[in-house]
Amino acid sequence: MPTSTPPATDALFSDQWLTLREPADHRARDAQLTHAADQWLVRRAATNPAQDTRPFETRRTVVDLGCGSGSNLRYLAPRLQGAQQWRLIDHDAGLLAQARQRCESLASADGQPIHLETDQLSLTTAWQHGLEGADLVTASALFDLLTADALEAMADACQRSGCAVLFALSIDGLIRFHDASGSALYDDDDRFMLAALQAHQHRDKGGGPAVGGEAPRRLRESFHRRGYHIREAASPWRLGPESQPLAEALMAGWRQALHEHLPQQRDRVDQWHGRHLDDLRRGRVTLTVGHRDLLATPADATHPGARA
Ligand SMILES: C[S@@+](CC[C@H](N)C(=O)[O-])C[C@H]1O[C@@H](n2cnc3c(N)ncnc32)[C@H](O)[C@@H]1O
């Protein structure tokens, strides 16, 4: 089902950018939360199987919100046991086609098949209709883009379907350069630019201010209020010389964002950007970008028969 209104440009991402960030994303993710999600799915599949009328091969239904070109699926599917039915949701038809093409031959941790279905939907439509039958709803690098109301609507939809959620790589607003001794560099210019970047992340991308770096806290509170058991872990990018192309692309994006946010301060922005870029290129600093992963499991829904 196509989206009825075209996506805002702020909510469009190039496959090139998503591909560039994928190795750093996969390195940063918390393996223990993935393992705990797998164990939860195993227990759910084993509890009261008689109540589950689905064919055996689709007993684990995973919905990936804002799937892009499939990075989250490429990380998770081979780490989860059992045959899996994945529903990939995104408003970008080109990214969905990439995801299908690049993920069709994946297998589960124990060599079972992965079934894929793609849905070109807006997230708002997804939480009205797209989460039915989900055992696990997952997303990566998504929630900073959304409004606080959208997060609440998503949490309501997850609670209705009785699923667990695994949300990886939500930015927490931390950006730091570190010198060779590991000490954080944080002078007045850094403080000024990083505050401006955080403000820019809150800009309205359609429907109200985005939650930006507040995403991890808001996700935790939303699911806690709904009685979910919460586990969280830090999943920062630590970008050194081996991640130079990603660090440079990220900093080019920040420079553009700062030009938009501080149009009167272009020279100051360019000096700050140039100084840190030079240090990165010479291997004098590394760059840390904070993220958090969250696993939330419903208190009383380890089996499909317990769905509300
Ligand atoms: C930062 S990308 C992350 C993609 C992927 N999860 C990954 O980790 O590579 C955010 C994704 O969310 C999608 N997206 C953003 N806003 C959306 C909306 N309102 N409805 C549907 N998809 C949306 C974008 O098209 C993009 O693919």
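Let's call a residue near a molecule if one of its heavy atoms lies within 4 Å of it. By that rule, 18 residues surround the ligand, and the closest are Gly66, Asp90, Leu123, Ser140 and Ala141. Keep in mind that this is a predicted model, where local features need pLDDT of at least 70, side-chain atom pairs count only at pLDDT 80 or more, and totals for chains, interfaces and linings use all residues. Residues are numbered from 1 along each chain as its sequence is written, and side-chain values use heavy atoms, with hydrogens and water left out.

What does the shell around the ligand have by class? There are 10 nonpolar, six polar and two charged residues. Here Ala, Val, Leu, Ile, Met, Phe, Trp, Tyr, Cys and Pro count as nonpolar, Asp, Glu, Lys and Arg as charged, and the others, Gly among them, as polar.

Now zoom in on some atoms. A backbone N or O atom of Gly66 sits 2.8 Å from a ligand nitrogen atom, and a backbone N or O atom of Leu123 is 3.0 Å from a nitrogen atom of the ligand. His91 uses its side chain: a polar atom there lies 3.2 Å from a ligand oxygen atom.

Next, look at helix α10, residues 266-281 (helices are DSSP runs of H or I, at least four residues, numbered from the N terminus). Its buried residues (under 20% relative accessible area, 1.4 Å probe, protein chains only) are Val269, Trp272, His273, His276, Leu277, Asp279 and Leu280. They cover an arc of only 160° around the axis (taken from the directions from the helix axis to the C-beta atoms), which puts them on the same side of α10. The face turned away from that buried side carries Asp267, Gln271 and Arg281, which are exposed (over 50%).

Terms used
A polar contact is a pair of N or O atoms within 3.5 Å; within protein, one must be able to donate a hydrogen and the other to accept it, and residues adjacent in sequence count only if both atoms are side-chain atoms. Helices (H or I, at least four residues) and strands (E, at least two) are DSSP runs, numbered from the N terminus. The expected span of a helix is 1.5 Å times one less than its number of residues.
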